[in-house]
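Grab a coffee and open the viewer. Here are a few exercises to work through with the coordinates on screen.

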Amino acid sequence: MEGDDEELERLKRKIERERGFNCQFYKDKCLRRRIAVRMRARGRQSFAEYGMLLDREPAEYDFLLDTLTINVTKFFRNIETWNAVEQQVVPRLFEGRGPVRVWSAGSASGEEAYTTSILLREWAERNGRTGELSRLRITGTDIDRRSLETAERGVYPELSLTETPEAIKARWFSPGPPFRIHADAQKGVSFTRRDLISGEPEGEQSLIFCRNVVIYFDREIQERLFKRFYDALVPGGFLVLGKVETLIGVARTQFRSINNRERIFQRPA
Ligand SMILES: C[S@@+](CC[C@H](N)C(=O)[O-])C[C@H]1O[C@@H](n2cnc3c(N)ncnc32)[C@H](O)[C@@H]1O
């Protein structure tokens with residue numbers, strides 16, 4: 001496998017040149033594994049052969065990028081994390097005045113951003129705080145155009161809802177499949193295409209979710225992103241990572257851990 005390093009490098013440069021997707025920030029092990037999925041699907045034995053296929057059939061780039069970006073997500077993914085967010089984070093979000101900004105970084109098809117909206121709306125109703133909802137702005141960003149189109153459409157297959165409690169499914173979605181999210185849950189939620197690594201970060205955020213995204217990046221990029229998230233948060237703001245991710249480098253000393261198990265961190269006030 002190692003002998004094909006040069007072929008892989010050539011393929012990475014080609015993908016960047018043709019589609020502006022910068023492979024160099026991703027772990028080689030992940031890239032190899034994902035590209036191999038497409039090579040198998042198209043019966044190609046080497047990176048060089050697969051490169052020739054891309055030249056001949058540029059439409060293959062779309063399938064390759066879909067595979068590289070791994071857009072798997074679900075509403076209420078890891079429900080225990082959402083329970084912890086509801087108990088330890090949500091009540092703190094509305095303590096101040098002014099906008100409450102939430103950023104779902106690497107939002108894929110929008111399930112995480114809408115889950116946040118549903119969670120906050122239900123919490124506000126239970127606590128007689130619905131007036132606060134007008135302060136809420138939720139932004140989902142992702143590099144993958146197709147996922148963002150699904151997010152904006154708000155229509156989902158059964159698979160997206162397998163971790164969603166029945167009562168929530170009944171209340172916030174039209175009967176399906178496919179399931180359409182109610183317009184109320186879409187209020188204050190918007191989606192934008194943005195590369196997390198090279199794009200401008202959001203600012204003045206009260207809560208950032210970046211779950212199951214940094215795991216694909218090499219160490220240096222992870223450290224750079226954690227610094228960006230720190231700067232993007234208001235003092236006292238929260239960061240939630242994926243279950244298998246954790247802070248590294250300086251970020252470990254900058255953030256306070258709120259819930260180790262659920263990977264919830266806070267920028268000190
Ligand atoms: C596995 S999904 C995670 C979705 C959601 N956060 C969750 O945990 O369910 C990873 C997402 O990260 C996005 N992604 C990967 N590299 C990115 C980059 N450089 N900039 C923005 N998004 C990126 C992918 O397109 C994909 O939608």
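The exercises below go through domains, salt bridges and cores in this predicted model.

**Exercise 1. Find the two domains and say which residues of domain 1 supply 55% of the area it buries against domain 2.**

Step 1. Start with the bounds: the domain assignment gives domain 1 as 2–69 and domain 2 as 79–266.

Step 2. Now the spacing. Taken over C-alpha atoms, the centres of domain 1 and domain 2 are 30 Å apart. Domain 1 puts 10 residues into the contact and domain 2 puts in 11 residues.

Step 3. Look at the area. About 970 Å² is buried between domain 1 and domain 2, and carbon and sulfur atoms give 55% of that. On the domain 1 side, the trio to pick is Phe-25, Tyr-26 and Lys-27, which supply 55% of the area that domain 1 buries against domain 2, more than any other three residues.

Step 4. Check the polar side. The interface of domain 1 and domain 2 has 4 residue pairs in polar contact and 1 salt bridge. Helix H4 gives the largest share of the side of domain 1 that touches domain 2, with 4 residues.

**Exercise 2. Work out which parts of the chain the salt bridge of Asp-4 and Arg-32 ties together.**

Step 1. Check the distance: the side chains of Asp-4 and Arg-32 meet at 3.1 Å, N to O. A salt bridge needs a distance within 4 Å, so this pair at 3.1 Å makes the cut.

Step 2. Place both ends. Asp-4 lies in the segment before helix H1 (5–19) and Arg-32 sits in helix H2 (residues 28–41), so the bridge ties together parts that are 28 residues apart in sequence.

Step 3. Look for a second partner. Arg-32 also meets Asp-5 in a salt bridge at 2.7 Å, N to O. That pair joins helix H2 to helix H1, 27 residues apart.

Step 4. Sort the three by exposure. Buried means under 20% relative accessible area, so Asp-4 at 15% counts as buried. Arg-32, at 13%, is buried too. Asp-5 is partly exposed, with a relative accessible area of 37%.

**Exercise 3. Decide whether Glu-112 and Arg-211 are buried or exposed, and trace the link they make.**

Step 1. Glu-112 and Arg-211 form a salt bridge at 3.4 Å, N to O.

Step 2. Glu-112 is in helix H7 (residues 111–126), while Arg-211 is in the loop between strand S6 (205–210) and helix H11 (219–232); they're 99 residues apart.

Step 3. Both Glu-112 and Arg-211 turn out to be buried.

Step 4. For some context, the whole structure has 27 salt bridges, and Arg-38, Arg-42, Glu-57 and Glu-60 are linked in a network of them.

**Exercise 4. Say which element gives the largest share of the largest nonpolar core.**

Step 1. The largest nonpolar core has 42 residues, and among those with the most contacts inside it are Ile-15, Ile-35 and Phe-229.

Step 2. Elements giving two or more residues to this core include H1, H2, S6 and strand S7 (233–241). The largest share, 6 residues, comes from H11, which answers the task. Domain 1 and domain 2 each give this core at least three residues.

Step 3. Zoom in on Phe-229: leaving out residues up to four places away in sequence, its contacts include Trp-103, Leu-196, Ile-208 and Phe-255.

Step 4. Don't miss the second, separate core of 38 residues, which includes Trp-82, Ala-84, Leu-120 and Leu-133.

Definitions and conventions:
Residues numbered from 1 in each chain as written. Predicted model: local features only at pLDDT ≥ 70, side-chain atom pairs only at ≥ 80, totals over all residues. Heavy atoms only, no water. Buried < 20%, exposed > 50% of the residue type's maximum accessible area, 1.4 Å probe, protein only. Core = buried A, V, L, I, M, F, W, Y, C linked by side-chain atoms within 4.5 Å. Domains from an automatic or database assignment. Contact = heavy atoms within 4.5 Å. Buried area = accessible area lost by both parts, 1.4 Å probe. Polar contact = N/O pair within 3.5 Å; in protein donor to acceptor, adjacent residues only side chain to side chain.
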